[in-house]
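Please open the model in a viewer and keep the selection panel at hand. The tour proceeds one selection at a time.

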Amino acid sequence: MFENKGGEKIVDEHRQGEIFEVIGNTSKARRVYIESYGCQMNFNDSEIVAAILDQHGYQPTGDLEKSDLILVNTCSIRDNAEQNIRKRLTIYNKAKKSNPSVVVGVLGCMAERLKDELLAEKMVDIVVGPDAYRSLPQLIEQAQHGNKGINVLLSKEELYDDIQPVRIDSNGVSAFITIMRGCNNMCSFCVVPFTRGRERSRSSYSIIAEAIELFEKGYREVTLLGQNVDSYFWTNPEDNSVVSFARLLSLVADISPMLRVRFATSHPKDITDEVINTIAKYPNICKYIHLPVQSGSTRLLDLMKRTYDQEWYLERINKIYSVIPGVAISSDIIAGFCTETEEDHQETLKIIREVKYSMSYMFYYSERPRTYAERNLKDDVPIEVKKRRLNEIIQLQNEVSLQHNLADVGKTFEVLIEGDSKKSNEFHKGRTTQNKMVIFPKNGSFSKGDYVFVEITDANSATLKGHIVN
Ligand code: SAH
Ligand code: SF4
Ligand code: F3S
């Protein structure tokens with residue numbers, strides 16, 4: 001899903017420009033081109049949008065030139081994410097010049113953040129926020145009659161629970177399931193609470209039904225998604241019983257031992273012993289936790305309003321390592337947040353060394369409008385210093401990742417085959433339970449969706465190489 005390229009454009013923008021193509025009902029006349037940016041949840045939202053539009057006769061296409069409707073599902077997390085999307089909008093407008101009946105729409109977090117600004121700039125025809133996708137067909141129709149439209153209402157309830165996402169850009173093996181929407185945390189640097197609204201959890205019945213259906217269709221891995229999965233909390237209206245995240249994990253894992261369960265993102269303040277024990281208990285819950293630290297400095301963590309300190313974070317790490325043998329932990333790290341000193345930066349480097357993350361997504365701080373930091377703190381670390389610190393973080397993380405991967409050489413792992421390697425169709429690619437990508441030669445006996453045992457013979461900081469030993 002994610003690959004760590006190094007640099008600030010990592011976690012949520014690296015799939016920029018990827019085009020969704022879905023095989024739909026070819027007899028349908030209207031075609032929609034959807035481009036998605038941002039986090040995994042945004043990609044899953046595009047699959048929900050594709051399902052809503054499918055019911056209204058839109059067939060997805062990968063060809064921008066041949067589309068009747070161009071949608072871009074956007075991300076606002078950092079300024080450069082938004083700048084890239086603006087560049088794409090100029091390209092869509094060129095397509096619109098050659099075919100004025102084309103409708104161009106902005107969806108997602110940037111739609112929510114900028115609201116009618118985008119319409120005023122005459123960049124687009126429709127603007128639709130993350131909780132308003134059900135109104136898309138109506139807004140599109142209005143736009144086709146020359147009336148530009150906007151719906152950026154955030155909802156406390158919308159979960160798109162009844163909509164079966166159309167699995168676009170899918171390898172047929174792994175799929176995302178959004179288990180909650182919004183975020184109630186108020187990390188001082190983060191725009192998400194403003195673009196995604198209040199946190200709400202989806203019914204565990206519908207999550208399990210979706211996972212079962214995927215399994216029956218041949219999928220072998222589901223990733224449960226939320227900004228803070230550990231605060232998943234659903235009350236069954238029938239008997240008032242409560243489902244926690246740990247319980248949900250075990251319910252999904254019980255579907256079949258052949259179904260791998262992943263999840264993202266965990267928040268260090270909320271990951272409970274119960275969750276950690278559940279991961280240890282089930283062989284099919286992957287031994288991989290993305291536990292973003294953001295900074296190693298307690299002073300900065302306080303300014304970031306992360307509500308934990310270095311000591312708390314390291315206690316959680318020690319607990320995880322002691323309960324789950326062989327687990328890999330990854331992180332998100334921000335360099336150069338407001339008032340960050342060289343000492344604070346050294347604390348971040350120390351945490352990377354101490355935790356030995358298998359990988360991290362690393363960024364330099366980008367001030368976002370309306371956030372607590374923008375209103376109350378000074379973005380006072382010069383850009384050259386931010387970049388230099390980020391480079392030091394990336395360099396160290398790359399060394400740590402290399403050591404982490406080299407330690408796997410000589411070991412054998414169970415790998416779920418996801419498809420052919422990018423470089424050669426004589427090789428499979430797949431992942432270990434620790435979420436490490438492995439490339440290995442085909443031997444004719446296995447295919448996509450199969451589990452195989454692979455002995456690791458070589459590694460670099462990003463990938464493992466090996467051969468099948470079944
Ligand atoms: N809910 C997740 C993170 C979602 S955003 C969590 O709490 O961990 C993904 C990552 O983007 C964050 O973890 C953070 O590292 C980074 N990020 C968020 N806002 C940022 C900003 N203003 N500047 C730079 N990086 C930011
Ligand atoms: Fe943003 Fe914090 Fe919520 Fe993550 S937990 S989405 S960083 S506010
Ligand atoms: Fe970006 Fe919105 Fe996700 S800001 S990271 S697309 S929730």
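This is a predicted model. Begin by selecting ligand 1 together with its shell, which comprises 15 residues. The closest of these are Phe 189, Gln 227, Gln 294, Asp 332 and Ser 366.

Next, display the polar contacts of ligand 1, taking three of the closest residues in turn. At Gln 294, an N or O atom of the side chain lies 2.7 Å from an oxygen atom of ligand 1. At Asp 332, the side chain places a polar atom 2.6 Å from an oxygen atom of the ligand. At Ser 366, the backbone should be shown: one of its polar atoms is 2.7 Å from a nitrogen atom of ligand 1.

Now switch to a surface view of the ligand. Ligand 1 on its own exposes 550 Å², and the protein buries 93% of that area. To see which elements contribute to the shell, select strands β15 (328–335) and β16 (359–364), the elements that each give two or more residues to it.

Colour the shell by residue class. Seven of its residues are nonpolar, four are polar and four are charged. Then colour by domain: domain 2 (172–286) and domain 3 (314–405) each supply at least three residues to the shell.

Finally, leave the ligand and select helix α1, residues 40–54. Is this helix mostly covered or mostly uncovered? Helix α1 is mostly covered, with 14 of its 15 residues buried. From its first C-alpha to its last, α1 reaches 21 Å, close to the 21 Å expected at 1.5 Å a residue.

How values were computed
Residues are numbered from 1 along each chain as its sequence is written. Chains are lettered from A and ligands numbered from 1 in the order in which they are written. This is a predicted model: local features need pLDDT of at least 70, side-chain atom pairs count only at pLDDT 80 or more; totals for chains, interfaces and linings use all residues. Side-chain values use heavy atoms; hydrogens and water are left out. Helices (H or I, at least four residues) and strands (E, at least two) are DSSP runs, numbered from the N terminus. The expected span of a helix is 1.5 Å times one less than its number of residues. Buried means under 20% relative accessible area, exposed over 50%, partly exposed in between (1.4 Å probe, protein chains only). A residue is near a molecule or strand if one of its heavy atoms lies within 4 Å of it. A polar contact is a pair of N or O atoms within 3.5 Å; within protein, one must be able to donate a hydrogen and the other to accept it, and residues adjacent in sequence count only if both atoms are side-chain atoms. Accessible areas come from the Shrake-Rupley method with a 1.4 Å probe; for residues, only the protein chains shown count as cover. Ala, Val, Leu, Ile, Met, Phe, Trp, Tyr, Cys and Pro count as nonpolar, Asp, Glu, Lys and Arg as charged, and the others, Gly among them, as polar. Domain bounds come from an automatic or database domain assignment.
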